[in-house]
Each structure stands twice: as structure tokens, then as C-alpha cells.
Amino acid sequence: MTKLSIKPNKPLILASKSKIRSIILRKTGIEFTTKTSYVDENVIKNSISSKPIKTQAIILASAKASKVSEENIDSYVIGADQICSIGKTIINKPTNMTNAIKQLKNLSGKTHKQTSAICLFYKGKKLWSHSEEARLTMYNLSLKEIKNYLNADRPFQSCGSYKFESYGHHLFTKVDGDSYTIQGFPLISLLRQLRKYNLYSL
């Protein structure tokens with residue numbers, strides 16, 4: 001099988017340090033580089049906490065892309081963000097085993113949402129932004145199942161304490177939504193915009 005390599009008509013930057021987003025975009029064959037924005041997300045989150053979750057996700061994605069775009073004015077810049085929530089409660093990255101166990105106990109047997117936002121910037125200006133939601137219903141998990149899963153995937157930097165792209169799909173009895181949305185990167189919507197702006201073709 002020939003490996004596809006697509007050089008965009010303008011340099012393309014993914015403003016993210018997320019491994020899974022980079023993997024997803026790399027599989028398209030489109031050439032790009034990655035840069036981390038280093039924006040203070042906590043400050044932004046505190047200032048927008050009263051807004052709808054879809055709006056929060058777009059604001060966070062845009063903040064990352066905007067900063068990188070201002071520093072790379074000749075490149076198109078992709079920004080993305082993801083928020084996991086149950087009801088009105090946002091579930092942050094667990095960062096450790098103890099928090100991950102608590103999160104999965106809380107999600108067990110319930111339905112929660114993954115909201116993913118994505119945007120495109122050029123010369124420091126937003127060209128497009130978009131958000132998508134997926135609803136996931138988790139099995140009633142025993143503590144043993146939770147610990148076995150966490151030891152296998154160690155998803156301590158993942159919203160909701162699972163990696164859907166890995167063993168995380170075993171946790172769910174029902175999923176409504178696109179798998180790319182669940183992984184925090186609405187790919188099909190992005191590709192449609194890249195073609196709209198004539199950034200690439202097959």
C-alpha cells in the first residue's frame with residue numbers, strides 16, 4: 001500500500017499538544033506541524049464558566065489557535081478543545097488513579113456527553129469554528145472492572161477517565177455520536193473546511 005502524502009497549499013499547524021489529535025490528523029495524509037499555544041486555560045475556564053458548554057469549548061479552542069496564528073501569520077492554524085460533562089457538571093482530566101476511579105464510579109450506569117470544538121484561523125483571525133456532541137452511556141461497572149480498565153489504559157490525561165480509541169470502548173453500552181467527536185477532534189467537519197478554503201485536494 002502506497003503511503004498518502006498531501007502537501008497543503010499553505011502551511012498547516014495543529015495548535016495542540018494532544019497525541020490523539022495529532023494521530024488522527026496524520027492518518028489523513030495531510031502534512032502539518034504542531035505547536036503548543038501555552039495559553040492559561042484555567043484563567044479562561046474561570047472567566048467563561050457561566051456560558052453553555054458548547055460555547056466554552058469553542059472559546060478554549062479559539063484561544064489556542066489565535067495565539068499560535070498571531071505568531072505564524074502565513075500558516076493556517078487548527079485549534080481544538082474537548083469538554084466532558086454529566087448534567088451541568090464538567091469532568092476534568094483525572095491526572096491520577098484515585099481521581100480516575102472516582103470519575104468512572106460517577107459515570108458508571110449513566111449517560112454523559114463529550115463536547116468537541118474545532119476552529120480554523122489565518123493571520124490571527126478566525127475563519128470558522130464548530131462544535132459537536134456525543135452522548136455515551138456506560139455499563140454499571142464493578143470496582144474490579146474499573147481498576148482493571150484503568151491499569152490497562154492509564155487514561156489519566158483523558159477527559160472522562162477513558163481512552164475511547166483504545167480499550168475505553170469496552171465501557172459503553174450505547175454511544176450516540178461520531179467517534180472523532182468522542183476523541184476530541186471532529187475530523188470530517190474540519191476536512192470539509194480545509195477543502196472549502198482550497199488548502200488541499202486529493
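There are zero disulfides in this structure, a disulfide being a pair of cysteine sulfur atoms within 2.5 Å. This is a predicted model, so keep the filters in mind: local features need pLDDT of at least 70, side-chain atom pairs count only at pLDDT 80 or more, and totals for chains, interfaces and linings use all residues. Residues are numbered from 1 along each chain as its sequence is written, and side-chain values use heavy atoms, with hydrogens and water left out. Beyond the cysteines, the things to look at are six salt bridges, a pocket of about 1200 Å³ and a nonpolar core of 22 residues.

**Cysteines**

- A disulfide is a covalent bond between two cysteine sulfurs.
- Why is C84 not bonded to C159? The C84 sulfur has its closest cysteine sulfur in C159, but at 6.4 Å that is too far for a bond.
- C119 is in no disulfide either, with the nearest cysteine sulfur, again that of C159, 16 Å away.
- C84 counts as buried at 0% relative accessibility, and C119 does too at 1% (buried is under 20% relative accessible area, exposed over 50%, partly exposed in between, using a 1.4 Å probe and protein chains only).

**Salt bridges**

- The structure has six of them, each a side-chain nitrogen of Lys or Arg within 4 Å of a carboxyl oxygen of Asp or Glu.
- E41, K64 and D81 are linked in a network of salt bridges.
- In the E41 and K64 bridge, the closest N and O atoms are 3.8 Å apart. E41 sits in helix α2 and K64 in helix α3, so this pair ties together parts 23 residues apart in sequence. (Helices, H or I with at least four residues, and strands, E with at least two, are DSSP runs numbered from the N terminus.)
- D81 meets K64 at 2.8 Å, N to O. Here strand β3 supplies D81 and helix α3 supplies K64, so the parts tied together are 17 residues apart in sequence.
- As for burial in the network, D81 and K64 are both buried, K64 having a relative accessible area of 8%, while E41 is partly exposed at 28%.
- K174 and D176 form another salt bridge, at 3.9 Å from N to O. K174 is partly exposed with a relative accessible area of 48%, and D176 is partly exposed with 39%.

**Largest pocket**

- Its volume is about 1200 Å³, counted as the space filled by probe spheres set on grid points joined across faces, edges and corners.
- A pocket here is an open set of points on a 1 Å grid over the protein atoms alone, where a 1.4 Å probe fits, with protein on both sides within 12 Å along at least five of seven lines; lining residues have an atom within 4 Å of a point.
- The lining has 41 residues, and S18, R21, K93, Q157 and C159 lie nearest the centre.
- Elements giving two or more residues to the lining are α1 (19-26), α2 (41-48), α3 (53-71), β3 (76-86) and β4 (89-91). β3 gives the most, with five residues.
- By type, the lining splits into 17 nonpolar, 13 polar and 11 charged residues (nonpolar is Ala, Val, Leu, Ile, Met, Phe, Trp, Tyr, Cys and Pro; charged is Asp, Glu, Lys and Arg; the others, Gly among them, are polar).

**Largest nonpolar core**

- Among its 22 residues, L25, I78, F185, L190 and L194 touch the most other members. A nonpolar core is a set of buried Ala, Val, Leu, Ile, Met, Phe, Trp, Tyr and Cys residues joined through side-chain atoms within 4.5 Å.
- β1 (12-14), α1, β3, β5 (111-122) and α7 (187-196) each give two or more residues to this core, and α7 has the largest share, with four.
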